[in-house]
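Q: I am learning to read protein structures and would like a close look at one part. Please start there and then show me how it fits into the rest.

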Amino acid sequence: MKTYTITVNGNVYDVTVEGGQGSAAPAAAASAPKAAPAAPKAAAPAGPQGAVKVNAPMPGKILAVKASAGQAVKKGDVLLILEAMKMENEVVAPQDGTVASVNVAEGAMVESGDVLATLN
């Protein structure tokens, strides 16, 4: 039995690999643990995109979506809650406008710079 520490998308995992009793595998495949596939990102909606893009300031997980398409917002209104580094960060409207699209859903993993929402 071997124990490895691996990092996937910034998350650290301790992985234990046990020797199997089944069929023999090639040496290269047996010595390297397989990482779980990354969670898929939420697809961008097919609807219209606004002129003002609201980007993710850092990689993280969307905990809550506080705004919806068609909603009027003022500068500083909270659009989304982004969890990063065990902290909840408010993603706010950069200016007054109307939410044209919300491009992520709760639970989605995002990278820095991803477009989270658009405003008109």
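In strand 8, which residue is the bridge partner of Val73?

A: The bridge partner of Val73 in strand 8 is Gly97. Before going on, please note that this is a predicted model, in which local features need pLDDT of at least 70 and side-chain atom pairs count only at pLDDT 80 or more, while totals for chains, interfaces and linings use all residues. Residues are numbered from 1 along each chain as its sequence is written, and side-chain values use heavy atoms, with hydrogens and water left out.

Let's widen the view around that pair. Strand 5 and strand 8 (residues 97-102) run antiparallel and are joined by 2 bridges. Strands here are DSSP runs of E with at least two residues, helices are runs of H or I with at least four, and both are numbered from the N terminus. Two strands count as paired if DSSP finds at least two bridges between them. Strands 5 and 8 belong to an open, antiparallel sheet of 4 strands in the order 3-10-8-5. Strand 3 (52-55) and strand 5 (72-73) are its edge strands, each pairing on one side only.

Just before strand 8, Gln95 sits in the loop that follows strand 7 (87-92). The C-alpha atoms of Gln95 and Lys75 are 4.0 Å apart, although 20 residues separate the two along the chain. Not counting residues up to four places away in sequence, Gln95 touches Val52, Val73, Lys74, Lys75 and Leu119; contact means heavy atoms within 4.5 Å. So Val73, where we began, is one of the residues that Gln95 touches. Gln95 has a relative accessible area of 35%, so it is classed as partly exposed. With a 1.4 Å probe and protein chains only, buried means under 20% relative accessible area, exposed means over 50%, and partly exposed lies in between.

Now look at strand 10, which holds Thr118. Thr118 has a relative accessible area of 0%, so it counts as buried. Its side chain makes a polar contact of 2.6 Å with the side chain of Ser101. A polar contact is a pair of N or O atoms within 3.5 Å; within protein, one must be able to donate a hydrogen and the other to accept it, and residues adjacent in sequence count only if both atoms are side-chain atoms. Leaving aside neighbours within four places in sequence, the contacts of Thr118 include Gln49, Val52, Thr98, Val99 and Ser101.

There is another sheet to meet. It is open and antiparallel, with 4 strands in the order 7-6-4-9. Strand 7 and strand 9 (109-110) are at its edges with a single partner strand each, so one side of each has no neighbour in the sheet. Strand 4 (residues 60-65) and strand 6 (residues 78-84) pair over 4 bridges in the antiparallel sense. In this pairing Val65 stands opposite Leu80, and Lys61 has Glu83 as its bridge partner. On to strand 7: it is joined to strand 6 by 6 bridges, and the two run antiparallel. Ile81 has Glu90 of strand 7 as its bridge partner. The hairpin of these two strands has 2 residues between them, and there Met85 takes a positive phi near 55°. Strand 6 is largely enclosed by the rest of the structure, because 5 of its 7 residues are buried.

What about the nonpolar side chains? A nonpolar core is a set of buried Ala, Val, Leu, Ile, Met, Phe, Trp, Tyr and Cys residues joined through side-chain atoms within 4.5 Å. The largest one has 18 residues, and those touching the most other members include Ile62, Leu80, Val104 and Leu119. Strand 3, strand 6 and strand 10 (115-119) are the elements that give two or more residues to this core. Ile62, leaving aside neighbours within four places in sequence, is in contact with residues including Leu80, Ile81, Val104 and Leu116. In soluble globular proteins, nonpolar side chains tend to be buried together.

Strand 1 (residues 2-8) gives another picture. Strand 1 lies largely in the open, because the number of buried residues among its 7 is 0. It pairs antiparallel with strand 2 (residues 11-17) over 7 bridges, and Thr5 stands opposite Asp14.

Stepping back, the protein chain has 1 helix and 10 strands, and buried residues make up 25% of its 120 residues.
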